[in-house]
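Me: I am new to this structure. Please take me through one part of it closely, then follow the thread outward from there.

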Amino acid sequence: MFGLTRAPDFDRAGLTWFNVQQPLTLASLKGRLVVLDFWTFCCINCLHVLPTLKRLEEAFPNELTVIGVHSPKFEHERSPQAVAQALARYDVTHPVVHDPHMTLWREYAIRAWPTLVFLSPDGQVIGELAGEPHPDLLFQGVGDMIRQFVERGELTPTVPFPLPVVEQGAALRFPSKIKPCPSWDGVKRWAVADTGHHQIVVLEDNGTEVARYGSGLPGFLDGHQEAAFNAPEGLACDQDFIYVADTRNHALRRIDRARGTVATLAGQGRRGGILRHPEPAAAAVLASPTDVVLAGDTLYFANAGTHQLGQLSLSRGQLIPVAGNGGENIIDGPAAESLLAQPSALAMADDGCFLYFTDSETSSLRRVVLASKQVETLVGTGLFDFGHNNGGFTEARLQHPLGLAVADGRIFVADSYNDTIRVIDSRAKTIEDVAPLLCHDALCRPLDEPAGVVADGANRLLVSDTNNHRIVEYRLDERTSRTWFG
């Protein structure tokens with residue numbers, strides 16, 4: 001908290017508003033407590049704050065207005081269309097002002113994502129909170145402020161006018177990872193994290209849907225038909241089970257394919273802290289797991305919310321930190337001492353020697369050498385270094401990659417914010433775009449934030465085209481592409 005300062009107004013050129021019929025101003029908000037949420041949609045810590053803000057809005061609908069001030073880090077995030085997709089994907093319904101040139105960020109002297117700024121009913125800055133707040137303490141603090149303003153007669157409660165939320169997608173809605181799903185009958189199948197529908201979908205190799213798990217409503221429930229996920233992003237399969245990174249539930253789940261039942265392996269449904277030591281999986285508290293990969297009895301997972309990798313022994317039920325000390329940066333070395341930055345995708349090397357991962361906030365491709373427990377970076381240099389550069393590893397640049405696959409000595413990356421698929425030759429230490437393909441769809445569309453890729457041999461890729469709500473099949477030898485599902 002600090003001395004009262006008149007808040008800068010929002011009537012600036014170049015700003016785009018969402019979820020309101022017309023731009024808001026300090027005058028239009030007079031009589032209400034205002035919370036400004038300075039955020040950007042790539043930031044996992046920013047996403048952790050959204051449920052708490054929704055809780056506040058539901059508790060104080062007539063006294064409080066939350067305004068998201070979208071302040072982009074990546075070039076891709078400057079696009080109003082990309083922001084609109086993100087608002088739908090993360091179910092953001094409060095007013096949002098998109099500030100692509102960081103004008104409001106500078107005028108409010110913001111230094112970190114996320115930051116909350118509190119404005120009094122008469123338009124004064126009365127407080128600032130940088131970083132993720134404790135949900136219960138924030139709720140208590142806002143409640144206390146509202147009670148004080150009510151007692152002083154400074155609040156003028158009004159009824160909000162929310163705009164309807166437009167549903168997007170059909171068979172899929174914002175799909176994330178796609179993985180092979182082997183079966184006892186030998187039939188080739190694939191599993192997709194249907195993130196926007198809070199479900200896991202299993203498909204035949206021709207794109208026919210054969211199973212769908214999860215009620216379709218966000219929740220944290222085990223069981224059969226009543227089982228519920230909350231925006232699952234990652235998965236892995238064996239012949240008996242599907243393992244799920246249930247991202248917004250901060251949990252690892254398991255689907256019994258024969259029985260169709262869901263059980264929780266780790267996570268309590270709330271955001272956890274840094275993984276520091278081995279512990280029973282049933283007692284562990286995780287933070288936004290985004291992907292999993294299975295290696296025998298070990299389930300590796302990306303714990304994006306604490307910038308770490310972990311592993312779960314399925315037979316012993318023990319969870320162990322693998323890489324990252326909880327700090328956010330790009331520093332190699334001994335795995336326990338290394339620094340990661342929002343790991344978002346995992347893939348095991350063909351020979352099992354390396355666990356590859358993408359660090360989305362450093363736009364990097366990295367790996368853990370499992371024998372020596374060392375972290376190495378192949379592509380990427382820093383938290384604010386990104387681009388779309390091909391060539392050798394030194395000059396190559398990615399932009400917030402979210403998908404990863406390894407096949408026949410090559411590494412395929414879903415380079416999400418560059419809207420493309422990249423292919424990496426780890427021996428030659430080079431990276432290039434997958435060559436342009438001839439589209440066989442009636443309506444051809446470029447990729448839009450692809451978040452998953454899987455390789456089926458050397459010449460076939462399946463790509464989660466997230467914002468287009470579909471899976472695309474690439475035939476590299478034929479140089480063709482088509483919508484495979486969705």
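Reply: Start with helix 2. Its buried residues pack against strand 2 (16-18), strand 3 (33-39), strand 4 (64-70) and strand 5. Helices and strands here are DSSP runs, numbered from the N terminus: H or I over at least four residues for a helix, E over at least two for a strand. Packing rests on contact, meaning heavy atoms within 4.5 Å.

A word on the source. This is a predicted model, so local features need pLDDT of at least 70 and side-chain atom pairs pLDDT 80 or more, while totals for chains, interfaces and linings use all residues. Residues are numbered from 1 along each chain as its sequence is written, and side-chain values use heavy atoms, with hydrogens and water left out.

Back to the helix, which covers residues 80-89. Seven of its 10 residues are buried, so helix 2 is largely enclosed by the rest of the structure. Buried means under 20% relative accessible area; over 50% is exposed, and partly exposed lies in between (1.4 Å probe, protein chains only). The buried residues are Ala-82, Val-83, Gln-85, Ala-86, Leu-87, Ala-88 and Arg-89.

Look closer at Arg-89. It belongs to helix 2. Its relative accessible area is 11%, which means it is buried. Set aside neighbours within four places in sequence, and Arg-89 is in contact with Phe-41, Phe-174, Arg-248, Glu-449, Thr-466 and Asn-467. After the helix comes Asp-91, and its phi is positive, near 55 degrees. Most residues other than glycine have a negative phi, and most peptide bonds are trans.

Two other residues have a positive phi without being glycine. One is Met-102, at about 60 degrees. Met-102 sits in the loop between strand 5 (96-98) and helix 3. Its relative accessibility is 14%, so Met-102 counts as buried. Another is Ala-231, at about 55 degrees. The loop between strand 11 and strand 12 holds Ala-231. Its relative accessible area is just 1%, so Ala-231 is buried.

A cis bond comes next. The peptide bond from Trp-113 to Pro-114 is cis, with omega near -15 degrees. Pro-114 lies in the loop that runs between helix 3 (103-107) and strand 6 (115-119).

Ala-231 leads on to Thr-247, since the two touch. The full list for Thr-247 is Asn-230, Ala-231, Pro-232, Glu-233, Ser-288, Pro-289 and Thr-290, not counting residues up to four places away in sequence. Thr-247 belongs to the loop between strand 13 (241-246) and strand 14 (251-256). At 3% relative accessibility, it is buried. Its side chain reaches the backbone nitrogen of Glu-233 at 3.3 Å. That is a polar contact: a pair of N or O atoms within 3.5 Å, where, within protein, one must be able to donate a hydrogen and the other to accept it, and residues adjacent in sequence count only if both atoms are side-chain atoms.

Strands 13 and 14 belong to an open sheet of four strands. The order is 12-13-14-15, and the pairing is antiparallel. Two strands pair if DSSP finds at least two bridges between them. At the edges are strand 12 (234-237) and strand 15 (261-266), each pairing on one side only. Five bridges join strand 14 to strand 15. One of the bridge pairs links Asp-256 to Thr-261 in strand 15.

Strand 11 takes us to another sheet. Four strands make it up, in the order 8-9-10-11; it is open, with antiparallel pairing. Strand 8 (178-180) and strand 11 (209-213) form its edges, and each pairs on one side only. Strand 10 (residues 199-204) runs antiparallel to strand 11, and four bridges join them. Val-201 has Arg-212 as its bridge partner in strand 11. For Val-202, the partner in strand 11 is Ala-211. Four residues lie between the two strands of this hairpin. In the hairpin, Gly-207 takes a positive phi near 90 degrees.

So much for the tour. Keep the starting point in mind: helix 2 has seven of its 10 residues buried, and its buried residues pack against strands 2, 3, 4 and 5.
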